[in-house]
Structures are given as structure tokens and as C-alpha cells.
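Biologist: Could you take me through this one and tell me what stands behind each label you use?

Modeller: Sure, have a look first and then ask away.

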Amino acid sequence: MTLHARSITLNSPEETSALAARLGAELRPGDSILLEGEIGSGKTHFARSLIQSLMSEPEDVPSPTFTLVQAYDTPTSEVWHCDLYRLSSVDEIEELGLSEAFDSAICLIEWPEKLGPLMPETALTIRIKTDPNTIEKRQLTLSWSDQKWSGKLENAI
């Protein structure tokens, strides 16, 4: 499998939201996005914007930091938003039912390194970095090996 990568600079939270919405329009059940970055880098903002763009009626999308998983029914698919920061073992991930969701839902995973061997090989990884000089600017590095992402990203970026 060939690893592909692309970097994007987003100059504002609005640009981040717009990219998330365009990418959301390309997603289908079985698509997973792994969101990497430091605390406060914008992972939840990106996920929230993507989820809200898929909803027929906008609703609040809280961070799943304490609930671990928030699931949303959208016209496209069920969407799982997971924050794995507080998990300590892969066994806990199995208990959440996440392995099944990888096949049947759109999954947005914050702190994906906690997945260990359960990390889906077909996922898109988005690494978000803040710009030390401009609080609102973000550098995104997108990486993938599954060819399906090339077409989805071409339409979204």
C-alpha cells in the first residue's frame, strides 16, 4: 500500500469548518477519519463542523471527552464521534462497539493512537497543528493509503 499525503493551511475557524463540511459531503458508511493533534489544536471543532454539516436539523454537538462516544443519525449514515483520550486499553475500545461501527457508520476518532491494533487500515488521518504565530491558523496534514480517499479529497479540497 502506498501512503499518500497532502498538507493544507487553513487561516481561520471558518475555513476549517468549510473544509470539514466539504469532506463530510464525500463520506459514506465505513469511512473513518483519525484526528490527531495536541489538546486545543481543533480536532473537536473539525469533527463538530463535519457532523453538523451532515445533519438535516442542526443540533448541538458536544465533545465526547467524558462520554467517549456520541452517535448521530444523519440522512447519509450514523456518525460516531469518539474521543479516546481517557481510555487505557484496547479492551475498552472493544466494549464501546467501535469495531462494528468502523464497518457500518462514519467514524471520527480523536486520539486514534489509543486504537492500537484496532486502527482501521482504510482510514484517513488528519494531523492538525496550530500555528505558534497566529492563534486561528491551522496546518493540516492528511495521509491515507486507501485509494478511495484520493477522489474524496479531490472533491473536498
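Modeller: Before you start, bear in mind that this is a predicted model. Let's begin with a hairpin: strand S6 (residues 124-131) runs antiparallel to S7, and 7 bridges join them.

Biologist: What makes S6 and S7 count as paired strands?

Modeller: Pairing takes at least two bridges between the strands. S6 and S7 have 7, so they pair. Lysine 129, for instance, has glutamine 139 in S7 as its bridge partner. Between S6 and S7 in the hairpin lie 2 residues.

Biologist: And how do you know that S1 pairs with S7?

Modeller: By the cut-off of at least two bridges. Strand S1 (residues 4-10) and strand S7 (residues 134-144) are joined by 7 bridges and run antiparallel, so they count as a pair too. Leucine 10 sits opposite arginine 138 in S7.

Biologist: Over to the charges, then. Which residues make up the negative patch on the surface?

Modeller: Asp91, Glu94, Glu95, Glu100 and Asp103 gather there. Helix H3 (90-96) and helix H4 (98-104) each provide at least two of the patch residues, and H3 gives the most, with 3.

Biologist: Why is aspartate 91 called exposed?

Modeller: Aspartate 91, which is found in helix H3, has a relative accessible area of 55%. Exposed means over 50%, so aspartate 91 earns the label.

Notes. Residues numbered from 1 in each chain as written. Predicted model: local features only at pLDDT ≥ 70, side-chain atom pairs only at ≥ 80, totals over all residues. Heavy atoms only, no water. Helix = DSSP H or I, 4+ residues; strand = E, 2+ residues; numbered from the N terminus. Patch = residues over 30% accessible without salt bridge, like charges linked within 9 Å, V, L, I, M, F, W, Y side chains within 5 Å. Areas by Shrake-Rupley, 256 points an atom, 1.4 Å probe, with all protein chains shown as cover. Salt bridge = Lys/Arg side-chain N within 4 Å of Asp/Glu carboxyl O. Lys, Arg positive; Asp, Glu negative; His and termini not counted. Charge placed at Lys NZ, Arg CZ, Asp CG, Glu CD. Buried < 20%, exposed > 50% of the residue type's maximum accessible area, 1.4 Å probe, protein only.
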